[in-house]
Amino acid sequence: MDKVRVAVVGAGRWAQRAHLPGWSRDPRVEVVALVDSDRQVLGEAARLFGVRRTAGDYREVLDDPSIDVVDVVTANTAHFEVSAAAIEAGKHVLCEKPVHRDYRETKALADAARAKGLLTKLGFTFRYAPAVRYAKSLVDAGFIGTPYVFNGFEQNSQWIDPATPMRQVDPDADPEVIATSSIEGYGAPIIDIMHWWAGARLTSVVGTMRNFLPERVVRATGRSQRLNIDDGDMWICEFDTDIIASIQSSYVTVGNLPGIEARLYGSEGALIVRLVEEAGRCQTIRTATKDDPEFVEREIPAEFFPPGGSSTEDWDSLFYANLCADFTTEILAGGGTNQGDFAQGALVQETINAFEASFRRRAWVDFPLGGAA
Ligand SMILES: NC(=O)c1ccc[n+]([C@@H]2O[C@H](COP(=O)([O-])OP(=O)(O)OC[C@H]3O[C@@H](n4cnc5c(N)ncnc54)[C@H](O)[C@@H]3O)[C@@H](O)[C@H]2O)c1
């Protein structure tokens, strides 16, 4: 196998901004089919990215043995169904987060894929940012020493204006009960990085969430109404080593996209990665050591970028190009490694479920939720 053949299911905004540009940039990949239930969106994306084969129903591509990968970029409601069917049909699967809101369902799919020798990948975009990959290589090389404290932020102003129409996840939700929103839709990638960098097993969590903007315009009706959703939150995590961590997410706080900041402080050194569009660049990394505690910016080595990539290009296509290339490398290598897979997706989702349980009970919650691992 020297070429990976991909069918992309869901051809909307994110497919056009990140997935299709990412796959198109890799000469080892061919996007052979594009699927969307919306004919207009489908036609436009197929034209823009030169994909000849199109379909309105994802089942049409599952029986084709020449397709290696199904890439699921639909609305959240179809993630699980399409991923499960694709794994059943023997395809490697890339899926946007969350695969399922219940971590046990995601874990079951991870196990099903593994049993068939298939690889899976979650759309954990920021794990593949060149600055984040470089930081991880420094951690692995011992730059931090023993890690003490991780701080993770996912904060931006995307929904700070309540007139920006938002999709209502559950129209039947009880307005008296605050529903998880920011931590689930935005917090997942920084929780992924926390687990990855901490290199330890999560044992307990506590935290809280708030609804800062009580009324918002709902996309389906175009009218302003009460939406009792978490638009800001803060959490503390303990692990089975000495490291402690905090996670903070909000999409109504002032700051540019994507709004990720990851800090790691240890016995020998510390690093701060910012994935925020500022001064024409989408990422920076600054480091300090115990002998020289003033943080200084480091240049990110070329090996952490996709070919031709630079920090001055759009963050979404830059980071996604690395994600697509990484999945392609893993598939062509025959499955020895598989980072950011559905099992990691289940771990991140279980963390979110534990955060929510802690808020509801106003108490520390033990992890894993199902008892000892
Ligand atoms: N990882 C990230 O950083 C990131 C960023 C943005 C969006 N996303 C995720 O990407 C996904 C898509 O978001 P979007 O903004 O492109 O939404 P969108 O509404 O623009 O596009 C989704 C498309 O999926 C199609 N679709 C829905 N159900 C389908 C089905 N069963 N079969 C075929 N087509 C179907 C819709 O017609 C639509 O064109 C969401 O899950 C979103 O959360 C991830």
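This report describes the sheets, the helix packing and some local backbone features of one predicted model.

Residues are numbered from 1 along each chain as its sequence is written. Because the model is predicted, local features need pLDDT of at least 70 and side-chain atom pairs count only at pLDDT 80 or more, while totals for chains, interfaces and linings use all residues. Helices (H or I, at least four residues) and strands (E, at least two) are DSSP runs, numbered from the N terminus.

## The parallel sheet

Six strands form an open sheet with parallel pairing, in the order E3-E2-E1-E4-E5-E6, where two strands pair if DSSP finds at least two bridges between them. The edges of this sheet are strand E3 (53–55) and strand E6 (120–122), each of which pairs on one side only. Neighbouring strands here are turned by 20° against each other on average, direction ignored; axes are lines fitted to C-alpha atoms, for helices over the stretch in contact, and angles run from 0 to 180 degrees between N-to-C directions. Helix H2 (residues 39–49) packs on the sheet and touches strand E2 (29–35) and E3, its direction making about 160° with that of E2; contact is counted where C-beta atoms, placed from the backbone, lie within 7 Å. Strand E1 (residues 4–9) and strand E4 (residues 69–72) run parallel and are joined by four bridges, with Val-8 standing opposite Asp-71 in E4.

## The mixed sheet

A second open sheet has nine strands in the order E16-E15-E14-E13-E7-E12-E11-E8-E17, and its pairing is mixed. Strand E16 (296–297) and strand E17 (365–366) stand at its edges with a single partner strand each, so one side of each is left without a neighbour in the sheet.

Within this order, strand E12 (residues 244–250) is largely enclosed by the rest of the structure, because five of its seven residues are buried. A residue is called buried if 20 or more other C-beta atoms lie within 10 Å of its own, exposed if 12 or fewer, and partly exposed in between, the C-beta atoms being placed from the backbone. E11 and E12 form a hairpin with four residues between them. The table sets out three strand pairs of this sheet.

| Strand pair | Bridges and direction | A residue pair |
|---|---|---|
| E8 (residues 202–210) and E11 (residues 232–239) | Eight bridges, antiparallel | Val-205 opposite Cys-237 |
| E7 (residues 147–155) and E12 | Seven bridges, parallel | Asn-151 opposite Ser-246 |
| E11 and E12 | Seven bridges, antiparallel | Met-234 with bridge partner Gln-248 |

Helix H10 (residues 342–361) lies across E8, E11 and E17, and runs at about 60° to E8.

## How the helices pack

Two packed helices are described by the angle between their axes and the distance between the axes. The axes of helix H5 (residues 103–115) and H10 come within 8 Å and cross at roughly 170°, which means that H5 is roughly antiparallel to H10. Angles under 35 degrees count as roughly parallel, over 145 as roughly antiparallel, 65 to 115 as roughly perpendicular and the rest as oblique. On the H5 side the contact includes Tyr-103, Thr-106 and Lys-107, and on the H10 side it includes Phe-342, Gln-349 and Glu-350.

Helix H1 (residues 13–24) and H9 pack at an angle of about 50°, with their axes 8 Å apart, and are therefore oblique to each other. Among the residues that meet here are Arg-17, His-19 and Trp-23 in H1 and Asp-316, Tyr-320 and Leu-323 in H9.

In helix H6 (residues 130–140), the buried residues include Pro-130, Tyr-134, Lys-136 and Val-139. Their cover includes helix H8 (188–198), strand E13 (258–266), strand E14 (269–276), strand E15 (284–289) and helix H9 (315–332). Just after H6, Gly-142 takes a positive phi of about 90°.

## Local backbone features

A cis peptide bond with omega of about -10° joins Lys-97 and Pro-98, and Pro-98 is found in the loop between strand E5 (92–95) and H5. The peptide bond from Phe-367 to Pro-368 is also cis, with omega near 0°, and Pro-368 has its place in the segment after E17.

Ala-279, in the loop between E14 and E15, has a positive phi near 50° although it is a residue other than glycine, and it counts as exposed because it has 7 C-beta neighbours inside 10 Å. Arg-362, in the loop between H10 and E17, is not a glycine either and has a positive phi of about 50°; with 8 C-beta neighbours inside 10 Å, Arg-362 counts as exposed.

How values were computed: Two residues are in contact if their C-beta atoms, placed from the backbone, lie within 7 Å.
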